[in-house]
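I opened my notebook for a first look around this structure. Come along and check each entry as we go.

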Amino acid sequence: MEINDAIEFLRDRRHGVLITQKADGRPQSSNIVYLVDDDGNIVISVTDDRAKTRNLRRTHTASLHVN
């Protein structure tokens, strides 16, 4: 799938699973609601004391699973 096709696929949906990495290397899965902004960025809202926020600050990487 081309990146533009993937972005359009994501625009048509709003729910996904954000996968980040715990400090011990295991995956942390979080159900989220997201949107794709006009520039094609995926935007999510996070709460400061949540595991996904701590994981993102530590590793700066994540995966998004969308059905």
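**Entry 1: a loop residue**

I began at Asp12, which lies in the loop between helix 1 and strand 1. Is Asp12 buried or exposed? I found a relative accessibility of 62%, so Asp12 counts as exposed. I then looked up its distance to Glu2, ten residues away in sequence, and got 16 Å from C-alpha to C-alpha.

**Entry 2: the whole chain**

Next I stepped back for the overall picture. The model is a predicted one, and I noted a mean pLDDT of 95 for the protein chain, with 100% of the residues at 70 or more. Among the elements, strand 1 (residues 15-21) has the highest mean pLDDT, 97, while helix 1 has the lowest, 93.

I counted two helices and four strands. Read from the N terminus, their order is α-β-β-β-α-β. The C-alpha trace spans about 35 × 25 × 20 Å along its principal axes. Of the 67 residues in the chain, 21% are buried. I also checked contacts between residues at least 6 apart in sequence, and 50% of them join residues at least 24 apart.

**Entry 3: Ile7 and the core**

I moved to Ile7, in helix 1 (residues 3-11). Its relative accessible area is 16%, and buried means under 20%, so I wrote Ile7 down as buried. Setting aside residues up to four places away in sequence, I saw Ile7 touch Val36 and Gly40. Ser63 is 56 residues from Ile7 along the chain, and their C-alpha atoms are 14 Å apart.

Which residues make up the largest nonpolar core? I listed seven: Ile7, Leu10, Leu18, Ile32, Tyr34, Val36 and Val66. Helix 1 and strand 2 (27-36) each supply at least two residues of this core, and strand 2 gives the most, with three.

I followed one core member, Ile32, further. Not counting residues up to four places away in sequence, Ile32 touches Arg14, His15, Gly16, Leu18, Ile44, Lys52 and Leu64. Lys52 caught my eye in that list, and I went there next.

**Entry 4: Lys52 and helix 2**

Lys52 is found in helix 2 (residues 51-59). I looked for a salt bridge and found none, although Lys52 is buried. Its nearest side chain of opposite charge is that of Asp49, 8.7 Å away. What does Lys52 contact, leaving aside its neighbours within four places in sequence? My answer is Leu18, Thr20, Ser30, Ile32 and Val46.

Lys52 has buried company in helix 2, namely Thr53 and Asn55. Seen down the helix axis, the buried residues fall within an arc of 165 degrees, so they line one face of helix 2. I checked what the buried residues of helix 2 pack against, and noted strand 1 and strand 2.

**Entry 5: just past helix 2**

My last stop was His60, which follows helix 2. His60 sits in the loop between helix 2 and strand 4 (63-65). I looked up its phi and found a positive value, near 60 degrees, in a residue other than glycine. Is His60 buried or exposed? Its relative accessibility is 65%, so I entered His60 as exposed.

Key: Residues numbered from 1 in each chain as written. Predicted model: local features only at pLDDT ≥ 70, side-chain atom pairs only at ≥ 80, totals over all residues. Heavy atoms only, no water. Buried < 20%, exposed > 50% of the residue type's maximum accessible area, 1.4 Å probe, protein only. Contact = heavy atoms within 4.5 Å. Lys, Arg positive; Asp, Glu negative; His and termini not counted. Salt bridge = Lys/Arg side-chain N within 4 Å of Asp/Glu carboxyl O. pLDDT = per-residue confidence, 0-100. Core = buried A, V, L, I, M, F, W, Y, C linked by side-chain atoms within 4.5 Å. Arc of directions from axis to C-beta.
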